Amino acid sequence: MLRNLACIQLWQLTRNMIVGPSKVALSGECKLRHIGSQKTGVSGNTPLEQIRVVIADDHPVARQGLSAILGSLDDVKVVAEAADGEEACRLYYQYSPDVLLVDLRMPKKDGLQVVNELMSSRSSKPRIIVITTYEDEEDIRRAVKAGAKGYLVKVADCEQIEAAVRAVAAGGSLFPTSISLKLVDAVARPELSKRELEVLQAIAKGKSNKEIGTMLYISELTVKGHVRSILEKLGARGRSEAMAIAVRRGLIQTLG
């Protein structure tokens, strides 16, 4: 119990490190509930079915914190933990959990690749919650489009994590209000094509139209057409403004 409490405290400390104490809004302290006991049915001797969970995150503190939070619930059991995307897929196939919690940024395979692979390779679709530091519109849109049923940022408190796991395990979905609003905004905006995203990333690296054409095996005139379309879809008046909008929305993560 003391170890679980320490892990939960580490989770809270990690949240503070991610966003700073001034931005953390807690609805209450995480409390361990009925550690070592198991809920029973009305008869008093029939154990309730447990929600089986796999956690995938490359940060040990995050994994331990999530495991402690979920492990404090009588009817939730963390059956495995993964440190990268490949391991997440392997453990999912091995354990077939009711819920998979997956980070977006992981080595070998990122969270989005994990969601896409699992959703496309099984007749029975997995129930996946993305839990990440990032809440960019594009990350949210891509995760939901791929099939994620929940999306939490790592400032989530224990109650939000528990509610999401229970909702998704029951076949539903759960997105905090702030995430839902960003998703609505993302869906309402014109989506850039795969080629336009490639051109956008090349622009972010400082490439000229001629260099982009050479890279992508298209004419300079075609590149100019893609740039015009990008500016129009982003509502930008020039390349610099387009880059700022793209970074803010999560269309690109780095410049230069």
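**Exercise 1. The strands around S4**

Task: Strand S3 (residues 99–102) is joined to S4 by three bridges; determine how these two strands run relative to each other, and then follow S4 to its other partner, S5 (residues 150–153).

Solution: The model is a predicted one, and in it S3 and S4 run parallel. Within this pairing, leucine 101 stands opposite isoleucine 129 in S4. Turning to the other partner, four bridges join S4 to S5, and these strands run parallel. Here isoleucine 129 stands opposite glycine 150 in S5. The chain passes from S4 through H5 to S5, and this β-α-β crossover is right-handed.

The next step concerns the surroundings of S4 (residues 128–132), where five of the five residues are buried, so that the strand is largely enclosed by the rest of the structure. Ile128, Val130 and Thr132 point one way from the strand, whereas Ile129 and Ile131 point the other way, and all are buried.

**Exercise 2. The two faces of H11**

Task: For helix H11 (residues 239–249), identify the buried residues, explain why they lie on the same side of the helix, and state which exposed residues the face turned away from them carries.

Solution: The buried residues in H11 are Ala242, Met243, Ile245, Ala246 and Arg249. They cover an arc of only 165 degrees around the axis, which puts them on the same side of H11. As a general point, an α-helix has 3.6 residues a turn, so residues three or four places apart point the same way. The face turned away from the buried side carries the exposed residues Ser240 and Arg248.

To see what covers the buried residues, one looks to the elements in contact with them, which include helix H5 (137–146), helix H8 (194–204) and helix H10 (220–234). After H11 comes glycine 250, whose phi is positive, near 85 degrees.

**Exercise 3. Salt bridges within and between elements**

Task: The structure holds 14 salt bridges; take the pairs of glutamate 191 with arginine 141, arginine 166 with glutamate 162, and lysine 233 with glutamate 196, and work out where the partners lie and how exposed they are.

Solution: In the pair of glutamate 191 and arginine 141, the closest N and O atoms are 3.0 Å apart. This pair links distant parts of the chain, with glutamate 191 in the loop between helix H7 (177–188) and H8, and arginine 141 in helix H5, 50 residues apart. Glutamate 191 is partly exposed at 42% relative accessibility, while arginine 141, with a relative accessible area of 11%, is buried.

Arginine 166 and glutamate 162 meet at 3.0 Å, N to O, and both lie in helix H6 (residues 158–169), four residues apart, about one turn of the helix. Arginine 166 counts as partly exposed at 26% relative accessibility, and glutamate 162 counts as buried at 14%.

The side chains of lysine 233 and glutamate 196 meet at 2.9 Å, N to O. This pair again links distant parts of the chain, lysine 233 being in helix H10 and glutamate 196 in helix H8, 37 residues apart. Lysine 233 is partly exposed, with a relative accessible area of 23%, whereas glutamate 196 is buried at 6% relative accessibility. Elsewhere, salt bridges that share partners join Asp57, Asp103 and Lys154 into one network.

**Exercise 4. The setting of arginine 63**

Task: Decide whether arginine 63 is buried or exposed, and list its contacts beyond its neighbours within four places in sequence.

Solution: Arginine 63 belongs to helix H2 (residues 60–71). Its relative accessible area is 15%, and since buried means under 20%, arginine 63 is buried. Leaving aside neighbours within four places in sequence, arginine 63 is in contact with Ile55, Asp57, Asp58, Glu81, Ala82 and Ala83.

How values were computed:
Residues numbered from 1 in each chain as written. Predicted model: local features only at pLDDT ≥ 70, side-chain atom pairs only at ≥ 80, totals over all residues. Heavy atoms only, no water. Buried < 20%, exposed > 50% of the residue type's maximum accessible area, 1.4 Å probe, protein only. Arc of directions from axis to C-beta. Contact = heavy atoms within 4.5 Å. Pairing = 2+ DSSP bridges. Right-handed = clockwise from strand over helix to strand, strands pointing away. Salt bridge = Lys/Arg side-chain N within 4 Å of Asp/Glu carboxyl O.
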